[in-house]
There are 4 protein chains.
Amino acid sequence: MVGQHYIKLLNNHPWFRIKALTGKESVGRKYVEAVRGEAPEPPKDIAEMEVLPTDPKHVDADVVFSCLPTEAAREAEPRFAEAGFPVFSDAAAFRMEEDVPLMVPEINPDHLQMVERQKRNRGWDGYIVTTPNCTTVGLVLPLHPLRRELGVKRVIATTMQAVSGAGYPGVASLSILGNVIPYISGEERKVENETGKILGRLVDGRIVHDDVDVLATCTRVPTLDGHMESVVVETEKQTDKETVAHLLSEYVSLPQELALPTAPRRPIIVRLEEDRPQTRIDVDAGSVPGMSVSVGRLRVVGNKVRLVSLSHNLIRGAAGGTILTAELAKHFGLLDG
Amino acid sequence: MVGQHYIKLLNNHPWFRIKALTGKESVGRKYVEAVRGEAPEPPKDIAEMEVLPTDPKHVDADVVFSCLPTEAAREAEPRFAEAGFPVFSDAAAFRMEEDVPLMVPEINPDHLQMVERQKRNRGWDGYIVTTPNCTTVGLVLPLHPLRRELGVKRVIATTMQAVSGAGYPGVASLSILGNVIPYISGEERKVENETGKILGRLVDGRIVHDDVDVLATCTRVPTLDGHMESVVVETEKQTDKETVAHLLSEYVSLPQELALPTAPRRPIIVRLEEDRPQTRIDVDAGSVPGMSVSVGRLRVVGNKVRLVSLSHNLIRGAAGGTILTAELAKHFGLLDG
Amino acid sequence: MVGQHYIKLLNNHPWFRIKALTGKESVGRKYVEAVRGEAPEPPKDIAEMEVLPTDPKHVDADVVFSCLPTEAAREAEPRFAEAGFPVFSDAAAFRMEEDVPLMVPEINPDHLQMVERQKRNRGWDGYIVTTPNCTTVGLVLPLHPLRRELGVKRVIATTMQAVSGAGYPGVASLSILGNVIPYISGEERKVENETGKILGRLVDGRIVHDDVDVLATCTRVPTLDGHMESVVVETEKQTDKETVAHLLSEYVSLPQELALPTAPRRPIIVRLEEDRPQTRIDVDAGSVPGMSVSVGRLRVVGNKVRLVSLSHNLIRGAAGGTILTAELAKHFGLLDG
Amino acid sequence: MVGQHYIKLLNNHPWFRIKALTGKESVGRKYVEAVRGEAPEPPKDIAEMEVLPTDPKHVDADVVFSCLPTEAAREAEPRFAEAGFPVFSDAAAFRMEEDVPLMVPEINPDHLQMVERQKRNRGWDGYIVTTPNCTTVGLVLPLHPLRRELGVKRVIATTMQAVSGAGYPGVASLSILGNVIPYISGEERKVENETGKILGRLVDGRIVHDDVDVLATCTRVPTLDGHMESVVVETEKQTDKETVAHLLSEYVSLPQELALPTAPRRPIIVRLEEDRPQTRIDVDAGSVPGMSVSVGRLRVVGNKVRLVSLSHNLIRGAAGGTILTAELAKHFGLLDG
């Protein structure tokens, strides 16, 4: 599922061009046959590309985008980095490694500097840069401006996540039709740990994790794409609805200033209607569809901010977020090797 | 929808017998025709009953159960109470009135004493007793044993509510298929206010509301029956998972001691599997199906208790809860007028 | 729902420009407020347009597109036609009137000639042109080339229709979640009667209905957009799968030859995979999205052709089909009045 | 999924008692652990049973019920039959074998006689008796009385099948949410071939297949349980709606006359409302829930009968149909070995 969004976003990309696709069971087949039945038509030239083995020997490219399952990523990504490739990955395998940046380009562009230390540490010519779990992104983006201006002590979040987040075949229809499953293996821990790293400060080449206390409950609901999150943020300062709406809707950062190709004009779109955002209607929000997080249902009492956020788990939460990170890396000269 | 559950629960009830059904547009038609197309067959003798006007003049009965819409309840229920009927209502109209009990029989059986003051106040021969919003019930039942033993300072809840909670026709299929709508009109305020009243103490015939601080976010999801709630409870004492599981699973109260016909053996069923309760699978839990609240996903850190509760919005949250309340009233001699 | 697709298709249309929007309850409000909550953002300039009464006195335009409910159409459309407007309508009110064309531009472009007789008959300066029921379109388009080359004696169809076909609020979520409803009021009769008129021959200014025998069963399924139809066509000649696939995939007609703006390059897209078309994946098929009918599951034995067709009920089956008809009328000089 | 219905129906069965459960990956675990997460609680004593290997050496029982996947059935069922077990199977592996009965107890009770020839042929002490594909049952049951009284030349059917028909995990939620998939591997051929065998005559110990011509199109829709079928039956005699309704609703057969424990009082329930049967509402129809086929939408013109049938794919279409067959076998003395 994520791979299809990579192809959609990279096809016609001003800076990147797809040179190779790799796989496992589908090696040797045309891409269109490898994914058939599960998706609308891919672009013609991509459709005809032969799927290669996931092996640096077989790949000729300047950048590698990885959306491998965790175990496969743990094995393959270091081989590519060692072979000199810059690897941009939305896989979970290396996110929490001490010398691997975990990037949301609007929040922690400076963390990219860590790749130099990583290369030295590991003796690699290339490097691995990761992006967070899809659920983390929809939480941490609205947290960033609130934390900067108001301070954030504690975050309590309940998520309602779409089935595409579990990949294909993922969740059985028998399990989810007309149902809510209040558990997603490993997800809560990821959201809780990744948030602190992304919001952390780079000190002497190392990240000091932010001490925000995150309590998450992750549920699966019968929606296709788009993770909704109901969030209570306990801020350090007292605040009010107008202030919060202003901080969120005015929020822009380096990717916007640089006008990176995949950067949406507004990372956060504030909805003031009482019943938005809605998963199906707002999932593609943004000047780059699916790259903005929609935030609504703002209710503020004292230092308790309640909000509902919605983000596209396959775009901002995966393919799009990783491509935006690679664009930022290119701006910093990290793709010039 | 609720009416059908009243009929199912009252048919073959050991204490009550259905003597009359009332309606509005359907007056004069047989019950089976009034509901046709929307439900499995009603019992034969009920099916043939003629729908009467909602008017005390036309009704011959000892007890009235009301599941009227709020506005209709506000007009009709006092006329029945004035005419001498004990009215047991799951409508919202009178829940927060100062002299009207808001009942969860396991929690506040003593609140029923208020009907005497209500009768005097209003000069009625009958009285109105209410039961809470369907979402409040799934929250307040697990809160009760925790509050008694651990103290409860604050509750943060996100609900995932089924479409049957909105009645028929209720939510348009175009609005909810593959979607989550993070807003239900008036619901959050109800949950927040009703909780304090139900947990309140009766002092000199008046209820002193409990000062628990409840912050709710209510969402609609594409499920049929069953409201799920993801809850964080901040307790006064430090605690742990075993203590909480024990308090919840051992919880019984007066309806269980009296073995009232509609009382489940366990008001709260604790699930220890990591992925339960689930809406579709657990909605009918309980020795009286749909009368128990299922609670799972217990995670405790210090004084923060995280849990997920599931309750049947039409049974424990409406028809069943109200019938159980009438059973309690009968035990107290309040139906002997 | 249909109105939103009119706006999407007419916005940036090379020949037409939206000059006015009319309504009923929403008169006097901005369009964006009239539809709020139910749709993604409309284009800015349309969003700000004031909704006018559905009355020829208030409307200044060269063409009127109508997607009124049947009863409202029966009343309003003649008033517009009488006032000199060419009215292009997907409403059911006048489809079967003897002097009103019922158009599928690829099939019966010559039927547009009837408007002259209609104007004379009724003494109108304008006229009414209709397009068929959304379900008829997905059936009659693949029938056309088969009938021309092979003859068609009988058609047996079962439809699986999306909820958007019932408008908003339309089908209650309680009725359709996890359900199939094998009945849509009036639908089968429409499909059966309209097919004969569309395939009919114009003889002396009158349509001689085709005598094809159509037996339809129409069901509602929990999909959002896109009507699927499982069809058995009994042809006069024996045939085979290759012939049928060729006839359907090579089918083009006058709108394609004229390259009308809303004409898809292929009215029928033949899918040879064993499990296509699928409602959610293929609903937007076509060079003009939603204007092509996807046909697959071809199985031919003797003179029995089995196929599955899928068409977008709001685009080819409503807004798009009607706009394409107006484009054809413009080509014939019928908009020059 | 089917296994759970076997347990529900056999638990408290007057004639049969569950003595052993067998499996594959789950061998050695308790039953409750083998199915956990996917179903409501099994009965206590069943829950604690240890899952045994699917091997005659490990099983001590008088009858074997098999709901194995096709390939596993092809291997295991003969081993049980050879070892002397009567095997009643809803698996597809042996249905079309020349000496294996394919049973719908109301239609072809005499076919059970074939087991004697089967035992001789194969030199087995036991035997295999099969029941049809879940989709065949909902078609062939209403065909039986029509064929007897009116003759049936041709049947054209489109099915709308629930996801539980594909087992667990079966259909991916990503594939079916908001979608219709007009293809189920192998299903159409099964429906077409099995119908002729079930309706066939036993001549000299062999079945002469009925020559009814069946054309089926099988689709998957997002429903949980219950296969709906839209059917056109071309009868030999002209008929009318009243005759058809009478033939179907009065239909009873040997299982009803013998009052077998799992036989519903009415094998076919005729619904005269215009919008029934509906999948979710009518799936459990019958005095033995899920054992009756609901038939509605009767429309008759000349010799064309249109109807919609609904049957529970896991009960009448699997576990229940097979248990009813075993009950019939017991009546015939075929379990006395």
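**Two ways for the chains to meet**

Okay, let's start with the contact between chain A and chain B: together they bury about 3300 Å², and 56% of that sits on carbon and sulfur atoms. On the chain A side, Pro182(A), Tyr183(A) and Arg280(A) lose the most area to chain B, and together they make up 17% of what that side buries. Before I go on, please keep in mind that this is a predicted model.

So who takes part in this contact? Chain A puts in 40 residues, and chain B puts in 40 residues. How many salt bridges are there between chain A and chain B? The count is six. Here's one you can find on your screen: Glu192(A) and Arg306(B) join their side chains in a salt bridge, at 3.1 Å from N to O. Polar contacts turn up here too, with 30 residue pairs between chain A and chain B.

Which parts of chain A do the touching? Quite a list: β6, α7 (173-176), α8 (187-198), β9 (213-220), β10 (227-235), α11 (279-282), β12 (293-301) and β13 (304-311) each bring at least two residues to the side facing chain B. The biggest giver among these elements is β9(A), with five residues. If you sort that side of chain A by class, you get 19 nonpolar, ten polar and eleven charged residues.

Now the geometry. Turn chain A by 180°, with 0.0 Å of shift along the axis, and it lands on chain B with an RMSD of 0.0 Å. The two copies are therefore related as by a two-fold rotation axis. And the interface residues of chain A are, to 100%, interface residues in chain B as well, so the copies use the same surface to meet.

Let me stop at one residue for a moment, Gln161(A). You'll find Gln161(A) in strand β6 of chain A, which covers residues 152-161. Is Gln161(A) buried or exposed? Its relative accessible area is 1%, and since anything under 20% counts as buried, Gln161(A) is buried. Look at what surrounds it, leaving out residues up to four places away in sequence: Gln161(A) touches a set of residues including Thr135(A), Ile184(A), Glu187(A) and His227(A). Also in that set is a run you can spot in the sequence: Cys218(A), Thr219(A), Arg220(A) and Val221(A).

Right, on to the other contact, chain C with chain B. Here 17 residues of chain C are in contact with 17 residues of chain B. The buried area is about 1300 Å², and carbon and sulfur atoms give 74% of it. Three residues do a lot of the work on the chain C side: Ser173(C), Leu174(C) and Leu177(C) supply 49% of the area that chain C buries against chain B, more than any other three residues.

What about salt bridges between chain C and chain B, how many? Zero. There are four residue pairs in polar contact across this interface, though. By class, the chain C side has eleven nonpolar, five polar and one charged residues.

The geometry of this pair goes like this: a turn of 180° and a shift of 0.0 Å along the axis lays chain C on chain B, with an RMSD of 0.0 Å. Which residue of chain C comes closest to the rotation axis? That's Ser173(C), with its C-alpha at 2.0 Å. And 100% of the contact residues of chain C recur in chain B, with the same surface serving both copies.

Key:
Residues are numbered from 1 along each chain as its sequence is written. Chains are lettered from A and ligands numbered from 1 in the order in which they are written. This is a predicted model: local features need pLDDT of at least 70, side-chain atom pairs count only at pLDDT 80 or more; totals for chains, interfaces and linings use all residues. Side-chain values use heavy atoms; hydrogens and water are left out. Contact means heavy atoms within 4.5 Å. Buried area is the accessible area (1.4 Å probe) that two parts lose on being put together, summed over both. A salt bridge is a side-chain nitrogen of Lys or Arg within 4 Å of a carboxyl oxygen of Asp or Glu. A polar contact is a pair of N or O atoms within 3.5 Å; within protein, one must be able to donate a hydrogen and the other to accept it, and residues adjacent in sequence count only if both atoms are side-chain atoms. Ala, Val, Leu, Ile, Met, Phe, Trp, Tyr, Cys and Pro count as nonpolar, Asp, Glu, Lys and Arg as charged, and the others, Gly among them, as polar. Copies are superposed by least squares on the C-alpha atoms of residues with pLDDT of at least 70 in both. Helices (H or I, at least four residues) and strands (E, at least two) are DSSP runs, numbered from the N terminus. Buried means under 20% relative accessible area, exposed over 50%, partly exposed in between (1.4 Å probe, protein chains only).
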